[in-house]
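Here is my note on the model you sent round. Please read it with the structure open beside you.

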Protein chains: 2
Amino acid sequence: MGKNLTTRAEDYSKWYNELVVKADLAENSGVRGCMVIKPYGYAIWEKMQAELDRMFKETGHQNAYFPLFVPKSMFEAEEKNAEGFAKECAIVTHYRLKNDPDRPGKLMVDPNAKLEEELIVRPTSEAIIWSTYKGWVQSYRDLPLLINQWANVVRWEMRTRLFLRTAEFLWQEGHTAHATKTEAVEESEKMMHVYADFAENFMAIPVIKGIKTETERFAGAEETYCIEALMQDGKALQAGTSHFLGQNFAKAFDVKFATAEGKQEYVWGTSWGVSTRLMGALVMTHSDDQGLVLPPSLAPIQVVIVPIYKTEEQLAAITEAVTVLTVALRKLQIAVKYDNRTTQKPGFKFAEWELKGVPVRIAVGPKDLENGTFEVARRDTLTKEVVSKDGIETYINDLLAQIQKELFEKALQYRNTHVTEVNSFEEFKAVLDAKGGFVSAHWDGTAATEEKIKDLTKATIRCIPLDRIEEAGSCVFTGENSVGRVLFAKAY
Amino acid sequence: MGKNLTTRAEDYSKWYNELVVKADLAENSGVRGCMVIKPYGYAIWEKMQAELDRMFKETGHQNAYFPLFVPKSMFEAEEKNAEGFAKECAIVTHYRLKNDPDRPGKLMVDPNAKLEEELIVRPTSEAIIWSTYKGWVQSYRDLPLLINQWANVVRWEMRTRLFLRTAEFLWQEGHTAHATKTEAVEESEKMMHVYADFAENFMAIPVIKGIKTETERFAGAEETYCIEALMQDGKALQAGTSHFLGQNFAKAFDVKFATAEGKQEYVWGTSWGVSTRLMGALVMTHSDDQGLVLPPSLAPIQVVIVPIYKTEEQLAAITEAVTVLTVALRKLQIAVKYDNRTTQKPGFKFAEWELKGVPVRIAVGPKDLENGTFEVARRDTLTKEVVSKDGIETYINDLLAQIQKELFEKALQYRNTHVTEVNSFEEFKAVLDAKGGFVSAHWDGTAATEEKIKDLTKATIRCIPLDRIEEAGSCVFTGENSVGRVLFAKAY
């Protein structure tokens with residue numbers, strides 16, 4: 001299998017696009033801006049789903065399902081939210097096709113089947129869900145509602161890229177309702193922490209937790225919490241957001257509850273989501289010029305075994321040894337594949353599994369059988385070792401844990417060396433150009449300055465880090481007072 | 001909790017509608033024909049999904065994801081399929097809203113954002129998937145493709161009912177591609193058997209396997225295999241279908257492969273699906289006038305424990321005993337809930353969990369503590385027993401298995417007594433009116449007769465049973481020759 005992969009140094013963007021397709025993660029479809037998620041890519045997404053779903057349930061959430069469509073009048077009820085998504089809505093206007101009299105055998109939209117009210121294909125589900133919550137909440141006893149939905153959403157983006165920005169994408173969206181502001185704020189913070197935990201400990205992607213500026217906030221939210229990751233080209237990627245919605249949607253959809261004292265009050269809300277965009281973050285955090293690098297926790301195949309042989313007899317003897325090994329590995333819940341295809345040479349197989357990011361490759365030939373060894377190769381470091389067959393399953397199990405840990409550490413190391421404090425706008429621009437990454441700078445807190453900096457540098461404020469030190473300073477752009485540094489970066 | 005459930009005898013249809021809502025399975029939404037699947041209903045659907053997904057993977061299938069939208073020109077490529085779904089398509093024509101100058105704060109469809117080509121919201125995904133397969137298949141080595149998708153689909157039905165017929169529903173759709181006709185036929189038959197196995201052994205719903213007549217066949221298929229269940233009102237419900245597509249979609253989308261001999265041939269296809277409609281089948285097969293009856297395999301809560309007490313001290317002692325019991329039950333993977341709400345009386349709780357179909361209820365009061373017993377009630381038979389606490393976890397585990405088995409047997413018994421052989425059209429009508437169920441009759445094999453019978457009786461041919469006996473006979477309607485009986489029924 002010739003990889004012919006553009007290198008990251010040559011063209012990072014092209015490298016990404018090629019890799020996603022060549023590693024069988026996804027491809028563009030015949031529908032503008034919509035992708036096909038291929039089985040190998042979908043298997044990775046399923047692992048993310050399973051882990052997130054477990055984490056959501058552990059924190060008391062239940063899944064449900066709400067309609068794909070939102071009638072226009074319902075959609076526009078929360079004005080800021082509606083305005084925020086209005087420019088990228090797919091709109092259903094008709095409900096029937098009919099035979100086209102001018103083109104035998106072909107169809108046309110039936111003009112007599114126009115909907116009385118247009119339906120918006122959900123870009124996000126606050127409207128439809130809060131219109132439902134109205135019927136579910138009467139008293140404080142009905143609260144909190146802690147609900148999550150796994151769904152597809154559509155945002156009619158003009159410039160799309162596989163996983164990173166597609167017209168349709170898959171995601172989960174949590175929507176919760178609470179009796180008090182404190183509880184709702186706690187919920188939105190809790191889910192940001194859940195996302196950070198997931199990104200770091202399951203995807204091996206280090207993230208910075210923070211809050212968004214008003215400009216970058218979710219349309220209709222009072223506060224947006226986020227986790228921000230850093231890609232290998234020095235650009236940031238928003239990996240998950242959690243919104244404190246205040247009483248905005250409760251007011252727009254008239255969702256009130258009777259308190260224990262019998263008073264009528266509006267409900268407090270949150271929403272939070274991560275999407276198939278995480279697949280893009282995964283690719284761009286760990287992979288290299290040889291192809292994908294997958295953390296063991298997300299790898300559909302964790303260990304691939306390739307036999308090296310010349311004769312049928314050798315293959316039979318190897319297969320016997322491999323059978324013992326696979327049984328031992330599967331007992332440890334390790335996903336193993338024995339690649340005994342006779343149609344491909346070992347070199348082809350090595351290249352293919354490197355491209356697909358299988359964390360550990362085991363090769364075994366007649367010499368290994370004689371010596372009672374296996375050759376074990378790590379995908380992340382591209383290093384090899386000869387390991388005795390005795391206790392090798394424990395060795396592999398430990399190695400997978402070690403790879404998971406080291407991938408995170410490597411990404412963390414990169415991220416940490418790419419957060420640069422600057423104290424002037426010249427320095428700001430120089431760092432952004434030369435090195436990229438997060439630029440930590442004082443900012444005067446105005447949207448106007450934020451916008452000017454964006455116009456001049458393409459960098460946006462990714463977040464006000466949760467752990468920032470409150471310190472007096474001067475805005476790098478205007479020199480006005482600042483109470484602490486924020487993180488700027490160019491972003492996906 | 002007052003149930004106030006209409007009884008089945010009073011009005012079966014009303015009983016169903018009320019039960020689905022009152023048991024918190026689903027409700028109608030603010031979007032015409034679309035339902036909200038509530039957490040309790042969704043938890044049951046998740047159990048179905050998990051088991052089906054396991055069965056699909058075990059039979060070699062992988063999941064993937066294809067776009068929600070199908071461009072019109074792609075949709076109409078396979079003419080029969082397009083024609084079959086044309087009358088119930090939701091159609092996206094625009095991609096942007098704008099401020100409505102006549103209604104401040106409100107939005108309107110932007111007439112300048114009309115799509116060049118309309119997009120059909122998938123009613124089924126053969127078109128988009130086969131247009132993708134064209135790029136995936138070059139040689140016989142690329143076959144078979146064994147792919148499944150979990151997705152939402154939209155069919156603009158005019159008369160909708162929760163789960164049974166909704167404008168949007170959730171389903172899985174398998175789409176496979178094969179090198180030979182034999183292999184494709186085997187695949188479609190295999191998946192029918194998988195569905196039957198799932199329905200009978202997991203949902204405790206007996207089904208009849210068969211093939212559809214040409215009239216009832218999936219649009220674009222050469223053969224449709226189905227499983228047919230019988231509801232308590234004597235109406236049939238199609239619970240799953242598996243289609244042999246021949247080379248129809250391969251030809252429409254030009255999907256060819258090079259054989260081992262280097263010849264170019266069209267690929268053979270299948271597709272197969274089950275949907276949230278199964279939730280309707282579940283409700284209507286097992287439930288009674290007290291509410292839902294859930295087979296243990298599908299129950300989100302398998303055992304509920306209700307404390308009976310007057311004093312706080314009693315509650316504390318009961319809770320202690322319950323804790324021991326729940327730990328023991330959970331060790332056996334049994335889903336237990338301890339309903340220790342202080343806001344509701346035991347009678348209310350009993351009624352609520354009966355309504356929600358929890359298979360086993362355990363009640364425990366001070367007397368039980370003294371005697372070292374628990375009161376165990378079965379939801380399906382509404383019978384109670386006092387059981388010693390020693391080894392009760394094994395007793396419960398066995399009881400759950402027994403309930404699962406007996407629910408199937410009860411449904412099978414009902415079904416078997418509702419398949420009636422008739423030999424004249426008078427008898428046909430009489431049986432259909434008096435008793436309903438499947439009417440087994442000779443039919444002359446013509447669509448014309450099928451339609452006339454439908455017009456006169458509302459009964460359709462549900463299937464030609466796979467296990468029917470080939471026997472010469474005369475059509476009950478025309479007296480023409482017949483080679484075997486088929487099953488008629490009124491159907492959902």
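The points below take the interface, then the sheet, then the backbone.

1. Status of the model. This is a predicted model. Local features are described only where pLDDT is at least 70, and side-chain atom pairs only at pLDDT 80 or more. Totals for chains and interfaces use all residues.

2. Extent of the interface. The size of an interface is often given as the accessible area lost when the parts come together. Here chain A and chain B bury about 5,300 Å² between them. Carbon and sulfur atoms account for 66% of that area. By contacts, 63 residues of chain A meet 63 residues of chain B. Which three residues supply the most of chain A's buried area against chain B? They are Tyr65(A), Ile91(A) and Leu97(A), with 12% of it.

3. Chemistry of the interface. On the side of chain A that touches chain B, 38 residues are nonpolar, nine are polar and 16 are charged. Polar contacts link 31 residue pairs between the two chains, both residues of each pair being at pLDDT 80 or more. The rule finds four salt bridges across this interface. Glu76(A) forms a salt bridge with Arg103(B). Their closest N and O atoms are 3.5 Å apart, inside the 4 Å cut-off for a salt bridge.

4. Strands that cross between chains. Look at β5, residues 91-94, in each chain. The β5 strands of chain A and chain B pair with each other in the antiparallel sense, over three bridges. Val92(A) has Val92(B) as its bridge partner. His94(A) stands opposite Ile91(B). Ile91(A), in this strand, is also one of the three residues named for buried area in point 2.

5. The other partner of β5(B). Within chain B, β5(B) also pairs with β8, residues 114-121. This pairing is antiparallel too, again over three bridges. Val92(B) stands opposite Leu119(B) in β8(B). So follow Val92(B) in both directions: its partners include Val92(A) across the interface and Leu119(B) in its own chain. In a regular strand the side chains alternate between the two faces of the sheet.

6. An open sheet in chain A. How many strands does this open sheet have? There are 11, with mixed pairing. The order is β3-β9-β10-β16-β13-β12-β11-β24-β27-β23-β22. The edges are β3 (62-63) and β22 (419-421), each pairing on one side only. At the β22(A) edge, the neighbour is β23(A), residues 438-442. These two strands run parallel and share three bridges. Thr420(A) has Val439(A) as its bridge partner there.

7. The annotated domain. An unreviewed UniProt entry annotates residues 27-295 of chain A as "domain: Aminoacyl-transfer RNA synthetases class-II family profile". In the model, that stretch is 29% helix and 32% strand. Its end C-alpha atoms are 22 Å apart.

8. Backbone details to check. Most residues other than glycine have a negative phi, and most peptide bonds are trans. The bond from Leu143(A) to Pro144(A) is cis, with omega near -5°. The bond from Leu143(B) to Pro144(B) is also cis, with omega near -5°. Pro144(A) is in the loop between α5 (126-136) and β9 (145-154) of chain A. Pro144(B) is placed between α5 and β9 of chain B. Lys458(A) is not a glycine, yet has a positive phi of about 70°. Lys458(A) is in the loop between α14 (447-457) and β24 (460-465).

Conventions: Residues are numbered from 1 along each chain as its sequence is written. Chains are lettered from A and ligands numbered from 1 in the order in which they are written. Side-chain values use heavy atoms; hydrogens and water are left out. Contact means heavy atoms within 4.5 Å. Buried area is the accessible area (1.4 Å probe) that two parts lose on being put together, summed over both. A salt bridge is a side-chain nitrogen of Lys or Arg within 4 Å of a carboxyl oxygen of Asp or Glu. A polar contact is a pair of N or O atoms within 3.5 Å; within protein, one must be able to donate a hydrogen and the other to accept it, and residues adjacent in sequence count only if both atoms are side-chain atoms. Ala, Val, Leu, Ile, Met, Phe, Trp, Tyr, Cys and Pro count as nonpolar, Asp, Glu, Lys and Arg as charged, and the others, Gly among them, as polar. Two strands pair if DSSP finds at least two bridges between them. Helices (H or I, at least four residues) and strands (E, at least two) are DSSP runs, numbered from the N terminus. UniProt positions are given in the numbering used here, feature names are shortened, and annotations may be inferred rather than shown by experiment.
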